[in-house]
Amino acid sequence: MKLTSRPSRKLYPYQQRDAEQLLARLANKTGYRLLYQLPTGAGKTVIFGELVRHFLGSNTGQALVLTHRTELCRQTSLVLKNAGVSNKIVCSDTDKIRQSYYRCFVAMVETLKNRIDEGLFDPAKIRFVIIDEAHQNVFNKLLDHFPQANIIGVTATPLSSDINQPLHHTYNELYTGESISSLVKDGYLASPSTTRYDVELHNLQQGTGGDFTTSSSDELYSSEDMLNLLLNAYRNVAKGRKTLIFNNGIFTSRNVCEYFSKAGYAVRHLDNNCTAEERQEIVEWFRKTPDGILSSVSILTTGFDEPTVRNIIIYRATTSLTLYHQMIGRGSRRLANKKRFNIIDLGGNVERFGAWDAGIDWQGIFANPDQYLASVYGDLGNTAPAIQVEVRSNFPNTSEFSFDMQTACQQAASDGQKLKVALNDSIRQHALMCIENAGSIPEALALSAHL
């Protein structure tokens with residue numbers, strides 16, 4: 001199905017295709033729920049802006065866009081206005097909605113639920129709903145209010161934030177858009193350069209939600225040895241270019257900020273306890289500082305867009321595929337003078353989830369999320385290299401620290417070689433590590449004692 005009239009802005013070919021495919025899947029349907037997957041940075045807001053514009057031009061009902069954060073509300077409202085769609089934001093400070101005056105609304109989920117409960121908003125008038133960041137299950141409490149509306153949920157990662165509420169229970173089908181690798185190849189997203197630093201993670205504890213606890217993460221990542229490894233990783237890969245550092249806890253993030261500040265770098269800390277004014281000031285500082293470093297916690301994974309970010313440092317481990325993609329996506333925007341960006345992983349995340357631009361079977365994850373999550377949780381012990389942080393910190397210039405002796409022996413045997421070939425390869429790797437991290441022969445010999 002073609003978009004009605006000419007789009008308000010020229011869509012990229014994949015955006016035009018996806019918009020038309022989504023419309024075709026909704027044609028002649030009522031109360032249908034469609035989930036749409038598209039990578040971060042690929043322009044999903046622009047696409048659903050055009051979908052809303054098409055709906056309003058060919059139907060008589062009202063449209064609604066649901067978000068879960070104030071920043072996303074404002075951004076979405078602006079995109080809709082740029083698409084020629086007049087709209088009303090429904091947030092906590094909205095007193096009078098005047099539903100008969102507008103045909104499109106952008107709403108915070110909790111606020112809209114309250115307005116419906118108070119009888120101030122009539123959901124029966126809504127015939128088209130778009131849900132941004134649809135993997136967040138906070139939206140489910142509202143969906144039954146719109147039985148006559150077609151619903152499109154949009155997300156980069158179609159894996160529910162609540163394992164007890166899988167998305168295939170909410171949506172009739174999943175439509176997957178362009179892959180990250182194709183978007184990189186065609187020049188729509190920046191190309192990643194990934195550096196991994198093996199870190200001992202066995203002391204991390206999982207909480208009831210499945211991810212690693214803040215307390216165990218703070219204990220590991222606030223240690224002097226880990227902070228030193230982080231600083232050296234920054235110097236080796238990212239120095240002098242705008243950098244985002246993602247942490248699991250506020251305690252760690254503040255320590256990171258202090259550590260980098262003492263080393264003479266321009267750095268700020270930001271978390272969800274900062275006031276709106278503080279956040280605005282810090283983000284504005286970051287935008288204007290070419291070599292700025294921003295250390296954050298739980299606040300810049302969604303609703304934040306700074307295309308000039310050149311480095312993403314994941315200074316934490318996570319079991320969340322969604323969080324993994326959200327963090328990296330903050331650096332993937334492509335500019336005329338930015339075709340590549342760096343990913344520095346200090347949490348075994350690349351081993352756990354695969355490369356950011358590797359192919360993912362989203363249809364399989366959508367249909368069988370339990371199976372996917374079991375594979376992630378079951379592999380935690382296998383993805384954490386058994387190397388003590390105290391030892392690891394002596395080799396900051398070496399990214400991949402581990403050596404799989406069993407695999408090396410099996411390879412030697414299959415090649416008809418003696419098993420001592422694997423041992424020689426291991427010794428050679430140790431020697432190279434000492435050379436990479438020493439300025440003289442005595443220093444190299446001293447490092448060898450740690451191995």
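**Close-up views of a predicted model**

**View 1. Confidence along the chain.** Residues 382-386 keep a pLDDT under 50 (the predictor's confidence in each residue, from 0 to 100), and the model gives them 11 contacts (heavy atoms within 4.5 Å) beyond four places in sequence. Where pLDDT is low, the predicted coordinates should not be read in detail. The protein chain has a mean pLDDT of 85. In the chain, 86% of residues reach 70 or more. Confidence is lowest in helix 15 (residues 380-383), with a mean of 50. Strand 12 (residues 311-314) is highest, at 97. Helices (H or I, at least four residues) and strands (E, at least two) are DSSP runs, numbered from the N terminus. This is a predicted model, in which local features need pLDDT of at least 70 and side-chain atom pairs count only at pLDDT 80 or more, while totals for chains, interfaces and linings use all residues. Residues are numbered from 1 along each chain as its sequence is written, and side-chain values use heavy atoms, with hydrogens and water left out.

**View 2. The seven-stranded sheet.** Seven strands form an open sheet with parallel pairing (two strands pair if DSSP finds at least two bridges between them). Their order is 3-4-2-5-6-1-7. Strand 3 (88-90) and strand 7 (173-176) each have a single partner strand, so one side of each lacks a neighbour in the sheet. On average, neighbouring strands are turned by 20 degrees against each other, direction ignored. Axes are lines fitted to C-alpha atoms, for helices over the stretch in contact, and angles run from 0 to 180 degrees between N-to-C directions.

**View 3. Strands 2 and 5, with two helices on the sheet.** Five bridges pair strand 2 (residues 62-67) with strand 5 (residues 126-132) in the parallel sense. Q62 has I126 of strand 5 as its bridge partner. Helix 4 (residues 109-117) packs on the sheet and touches strand 2, strand 3 and strand 4 (104-108). The direction of helix 4 makes about 110 degrees with that of strand 4. Helix 1 (residues 13-26) lies across strand 1 (33-37), strand 5, strand 6 (150-155) and strand 7. Helix 1 runs at about 160 degrees to strand 7.

**View 4. The six-stranded sheet.** This open sheet has the order 8-13-12-9-11-10, and its pairing is parallel. Strand 8 (191-196) and strand 10 (267-271) are the edge strands, each pairing on one side only. From one strand to the next, the twist averages 20 degrees.

**View 5. Strands 9 and 11, with helix 9.** Strand 9 (residues 243-246) and strand 11 (residues 293-297) run parallel, joined by four bridges. L244 has L294 of strand 11 as its bridge partner. Helix 9 (residues 250-262) packs on the sheet, touching strand 9, strand 10 and strand 11. Its direction makes about 170 degrees with that of strand 10.
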